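Thanks, everyone; please have the viewer open while I talk. I will go through the helices, their contacts and then a pocket, and you are welcome to interrupt.

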Amino acid sequence: MKLTEAEWAVMEVLWSGENFSLGEITSSLHNVNSWNKNTVHTYLTRMEKKGYVKIHKGDTRPYSANISREECAGEERNELLSKVYKGATGDLIAAFLKESKISQKEILKLKKMLDEMEV
């Protein structure tokens, strides 16, 4: 499962609640992409075919996520790890730590996680 940028935008709306109407989704996405209802509807029906979206026909708020944010984020992480770092988790973490500011609290949390993993 590889979400496009546009599909991520749609999923972010769906992950923010439980069920949505086409109008609600269109309103949320209009600020970001200026999409109209036809465009949003096209994305939703295509994404249903891919298994990302659930459409409950006959409901007033028929659209919901069929996959979790965690599943999609995991897939993205795995792809990045494989493609860019050839599976070397340590290299990925080191790159993030070099390029990001990290608080003392986050450092302690990471140390605790590593200790618990007995690395």
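What follows is a walk through a predicted model, and every value I quote is computed from that model.

Let me begin with helix H1, residues 5–15, which is mostly covered, since nine of its eleven residues are buried. The buried residues are Ala6, Glu7, Trp8, Ala9, Val10, Met11, Val13, Leu14 and Trp15. What, then, covers the buried residues of H1? The cover includes two strands, S1 at 53–55 and S2 at 63–65, together with the helices H2, H3 and H4.

Two of those covering helices, H2 and H3, also meet each other, and their axes come within 9 Å and cross at roughly 110 degrees. With 65 to 115 degrees counted as roughly perpendicular, H2 and H3 are therefore roughly perpendicular to each other. On the H2 side the contact involves Leu22, Gly23, Ile25, Thr26 and Leu29, and these meet Lys37, Val40, His41 and Leu44 in H3. By class, the residues of this contact divide into five nonpolar, three polar and one charged.

I would like to stay with Thr26 for a moment, which lies in helix H2, residues 22–33. Is Thr26 buried or exposed? Its relative accessible area is 10%, and because buried means under 20%, Thr26 counts as buried. Leaving aside residues up to four places away in sequence, Thr26 touches Trp35, Asn36, Lys37 and Val40.

Further along the chain, helix H4, residues 69–85, packs against helix H5, residues 89–99, at an angle of about 95 degrees, with the axes 10 Å apart. This pair, too, is therefore roughly perpendicular. H4 contributes Leu80, Leu81 and Tyr85 to the contact, while H5 contributes Thr89, Asp91, Leu92, Ala95 and Phe96. Sorted by class, that gives six nonpolar residues, one polar and one charged.

H5 brings me to the last topic, the largest pocket, which holds about 480 Å³ of space. Its lining comprises 14 residues, and those nearest the centre of the pocket are Ile93, Leu97, Ile102, Leu110 and Met113. Which helix gives the most to that lining? H6 does, with six residues, and both H5 and H6, the latter spanning 104–117, supply at least two residues each. As for the character of the lining, nine of its residues are nonpolar, two are polar and three are charged.

That is the end of my tour, and I am happy to go back to any part of the model on the screen.

Methods:
Residues numbered from 1 in each chain as written. Predicted model: local features only at pLDDT ≥ 70, side-chain atom pairs only at ≥ 80, totals over all residues. Heavy atoms only, no water. Axes fitted to C-alpha atoms, helices over the stretch in contact; angles between N-to-C directions. Helix = DSSP H or I, 4+ residues; strand = E, 2+ residues; numbered from the N terminus. Parallel < 35°, antiparallel > 145°, perpendicular 65-115°, else oblique. Contact = heavy atoms within 4.5 Å. Nonpolar A, V, L, I, M, F, W, Y, C, P; charged D, E, K, R; others polar. Buried < 20%, exposed > 50% of the residue type's maximum accessible area, 1.4 Å probe, protein only. 1 Å grid on protein atoms, 1.4 Å probe; cavity = no way out; pocket = protein on both sides within 12 Å on 5 of 7 lines; lining within 4 Å. Points joined across faces, edges and corners; volume = space filled by probe spheres on them.
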